[in-house]
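Biologist: I'd like to understand the labels people put on a structure like this one. Can we go through them one at a time?

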Amino acid sequence: MNPSRLLAIALLPTLISPPPFALAQQKADAPKLLDGYSRAASDAEQGWEEKFRAMPVPDNVRENMRRLSARPHNVGSPYDRDNAEWMLSKFKEWGWDAEIENFYVLFPTPKERLVELVGPTKFTASLKEPVVPEDPTSNQTAEQLPTYNAYSGDGDVTGPLVYVNYGTREDYEELDRLGISVKGAIVIARYGAAWRGIKPKVAAEHGALGCIIYSDPAQDGYGVAESFPKGAGRPKDGVQRGGVNDTAFPGDPLTPGVGATKDAKRLEIKDTPIITKIPVIPISYADATPLLSAITGKVAPANWRGGLPITYHIGPGTGADAAKVHLKMFSNWDIKPLYDVIAKIPGSTEPDEWVIRGNHHDAWVNGAEDPISGASAELEEARALGELRKQGWKPRRTIVYCVWDGEEPGLLGSTEWVETHVEELQKKAVMYLNSDSNGRGYLYMEGSHGLEHFINGVAADIKDPEKGITAQQRARLAEIAGGTERSEVRSRTDLRIDALGDGSDYVSFLDFAGVPSLDIGFGGEGRGSEYHSIYDDYYWYSHFADTKFVYGRALAQTAGSAVMRMADAELLPYNFANTAETVQGYVDEVKKLLKTEQDDIAEKNKEIDEGVFDATSDPESPIAAPKREDAPPFLNFAPLENGATALTASAKAYQAAVQAAEANNGAALDAAGIDEVNQLLMKTERAYFNPAGLPERSYFKHQLYAPGAYTGYGVKTLPAVREAIEQRKWSIADSSTVSVGKVLINGAAAIDAATARLKALSPSGGVVAGK
Ligand SMILES: [Zn+2]
């Protein structure tokens, strides 16, 4: 395959571009030449990979899950450690060099929890998930963590109750117009729309005293599926636990930027910026219903109403009618040990280059889906790779398999490991491949765009267990069914991968160490979820999720193949054409974003002048006009455009050099100096770093991707520029177009260095030969 086809394709009339599926079929006849491989190495690799893909067994994945999810295994629990030790023994049994690496992190557990309605009627929330007789692990009450949000601030508060929808910044703008303030109030928000930690953060910014988050049945209960145990949906008493730590940095709150080893220097608890400013507690909809029903005052707008059979009011109401709530939340602020399982197979030729694979093992309770569905597949891969070694396979690079502890409370295990080993990782890591929960359905792939072409190539070799077509084809057809960008989805060789935000263990690899990273998994079929409740267990998973464990096998096949293919390539199969094209798209997006903001504000101001808001406000339920705003200034996007153009040119030159090196069955790839090119390639992701980090979040160094400051899990691309525009911080936006433009030039230069070295190795001196 000619990777630079992507650049060429834009210049061709659509008719000339080959039909996408014919391409894959053609390759089935002649053995394909893998990117970054000479002919002999490519043939050998494909032989080993085929052997590997025949090895994972669904029943092994099932038994791994049964064992790992048999008891609650949150951070600091006996079974968390027991699981780690069991996995360690398994890795050793399969021939890996394995060890447990410990860290010591701040992990609060609940000491006192109370949510009570104190007026006009009385009600005390149960804050309990009852045993379900059919579900044999739901009765392990002694070991279950109570329902809570980790890293909630301590507090005992009483105030009027206000319903704030999802509790996003947009919801508070709406409240403003309705003339409702949450100052001195306790807010109740439903789960959804933004990451949970954003809800108490924004509530505190608006002067609320406390925050309650509940699971509305419209999101994951009877609104989407029959309730558990009859179906997969969250039952009335099911609660979503979860961390609410601020997104300033991931990992242990007391050791930002350094590993939380035994004698690391620690902040005092009162000095860490990431504990919420106000107490927060999650509840079920059974507990939420009496609270929401007690709220009076304005009726909530249509899109604020959930699936409960009540009239949703916003509150706070007046006088004796106002619903009043008493909320108490206190934690035990303990330091707990983490057990990261780290296992290696040494590389035969390049032991100092690492391909890293990870999934976490800790859960909020039994965690069969999150995370054991992914961890069980990872273990099955490890068993198969061990077996392959016994048959004579020797990976060129070192393979590092990690099973992380402490992901749930805040990506603790992976972050502390990355922070401890950051210098070594920056010298050695060529890829980090993550997975987490796994289910039935479509393959999703997200990550660094230099790996987009690579992971698409792997996905094209994986068979979907339900449909018999490849995982890549099925994902492509699902995107066509989804309906956006159909013609692009049909004609582009690679499926686009989303950028990485927050939400699993890749964050510090990508944003702090600059290791090219991917996150993959299957999902999209089956509705309803027991996410972070006691019912996310083996009974639930084996009845309602990947019940035959064939998608567990498919994940093992996909991830294992990707690891092998990256570990054995002579030339690292990065492809920058996709990166350049994607970045060009981001630049267009931020330009459009500013224009949209300018147009929207101009329109709003015009409507204020015309009296539109006054004319359409119902005097019996008045809503105020929004506030007039100054028009956003024009920004200079030239540095970004220059940077993106340079990146495109460098990517194109690199792909031409790769194509030349692939001539004559890739003879140049087998050359002695090839690893010097790899050493240069390993620096390319970090070229997008700004050592100072993002303007207001110094931990996050990557300038192409970051988690959103107000979306949490959701990614922001070109975050320094995009978030400044969204937050109307014009001077930051102005300086960021310059600093990010510079980073793009750095990216181009890093690619150029690899191109020059690669050209010197090719017999044709880098002249593109026919292929
Ligand atoms: Zn997880």
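**Labels and the reasons behind them**

Modeller: Sure, and here's a starter: with a relative accessibility of 6%, Tyr699 counts as buried. Keep in mind that this is a predicted model.

Biologist: What makes Phe512 buried?

Modeller: The cut-off for buried is under 20%. Phe512 has 14% relative accessibility, so Phe512 counts as buried.

Biologist: And why is the pair of Phe512 and Tyr699 called stacked?

Modeller: Ring centres have to lie within 6.5 Å to pair, and planes under 30 degrees apart count as stacked. For Phe512 and Tyr699 the centres are 4.5 Å apart and the planes 15 degrees apart, so the pair is stacked. Phe512 sits in helix H17, while Tyr699 is in the loop between helix H24 and strand S15, 187 residues apart.

Biologist: What is the label for the pair of Trp417 and Phe509?

Modeller: That pair is tilted. Its centres are 6.2 Å apart with 45 degrees between the planes; under 30 would be stacked and over 60 edge-to-face, so 45 lands on tilted. Trp417 belongs to helix H12 and Phe509 to helix H17, 92 residues apart. Trp417 and Phe509 are both buried.

Biologist: How many aromatic pairs are there by this rule?

Modeller: The count comes to 23. Ring pairs also link Phe91, Trp94, Trp96 and Tyr401 into a cluster.

Biologist: How do you know that Lys201 lies over the face of Tyr710?

Modeller: Part of the test is a distance within 6 Å of the ring centre. Lys201 is at 4.6 Å from the ring centre of Tyr710 and is listed as lying over its face. Arg697 does likewise with Phe700, at 5.2 Å.

Biologist: On to the metal. Which residues are the protein donors of the zinc ion?

Modeller: They are His360 through NE2, Asp370 through OD, and Asp436, which is listed with OD twice. The donors lie 2.0 to 2.6 Å from the zinc ion, and the limit for a donor here is 2.8 Å.

Biologist: Why is the arrangement called irregular?

Modeller: For tetrahedral, all angles must lie between 85 and 135 degrees. The 4 donor atoms give angles of 53 to 143 degrees, so tetrahedral is out. The arrangement counts as irregular.

Biologist: What do His360 and Asp370 tie together?

Modeller: His360 is in strand S10 and Asp370 in helix H10, so the pair ties together parts that are 10 residues apart in sequence. His360 and Asp370 are both buried. The peptide bond from Asp370 to Pro371 is cis, too, with omega near 10 degrees.

Biologist: How do you know that the length of helix H15 agrees with its number of residues?

Modeller: H15 has 12 residues, and at 1.5 Å a residue they should span 16 Å. The end C-alpha atoms are 16 Å apart, so the two agree. Gly483 follows H15 and has a positive phi, near 95 degrees.

Biologist: Last one: what makes Asn664 exposed, and Arg728 partly exposed?

Modeller: Exposed needs over 50%. Asn664 has 58%, so Asn664 counts as exposed. Arg728 has 31%, which falls between 20% and 50%, so Arg728 is partly exposed. Neither is a glycine, yet phi is positive in each: near 50 degrees for Asn664 and about 55 degrees for Arg728.

Notes. Residues are numbered from 1 along each chain as its sequence is written. This is a predicted model: local features need pLDDT of at least 70, side-chain atom pairs count only at pLDDT 80 or more; totals for chains, interfaces and linings use all residues. Side-chain values use heavy atoms; hydrogens and water are left out. Donors are N, O and S atoms within 2.8 Å of the metal (3.2 Å for Na, K and Ca); water is not among the atoms, so sites may look incomplete. Four donors count as tetrahedral if all angles lie between 85 and 135 degrees; four count as square planar and six as octahedral if opposite donors are over 155 degrees apart and all others between 65 and 115; anything else is irregular. Helices (H or I, at least four residues) and strands (E, at least two) are DSSP runs, numbered from the N terminus. Buried means under 20% relative accessible area, exposed over 50%, partly exposed in between (1.4 Å probe, protein chains only). The expected span of a helix is 1.5 Å times one less than its number of residues. Rings of Phe, Tyr and Trp (its six-membered ring) pair if their centres lie within 6.5 Å; planes under 30 degrees apart count as stacked, over 60 as edge-to-face and the rest as tilted. A charge sits over a ring if NZ of Lys or CZ of Arg is within 6 Å of the ring centre and within 35 degrees of the ring normal.
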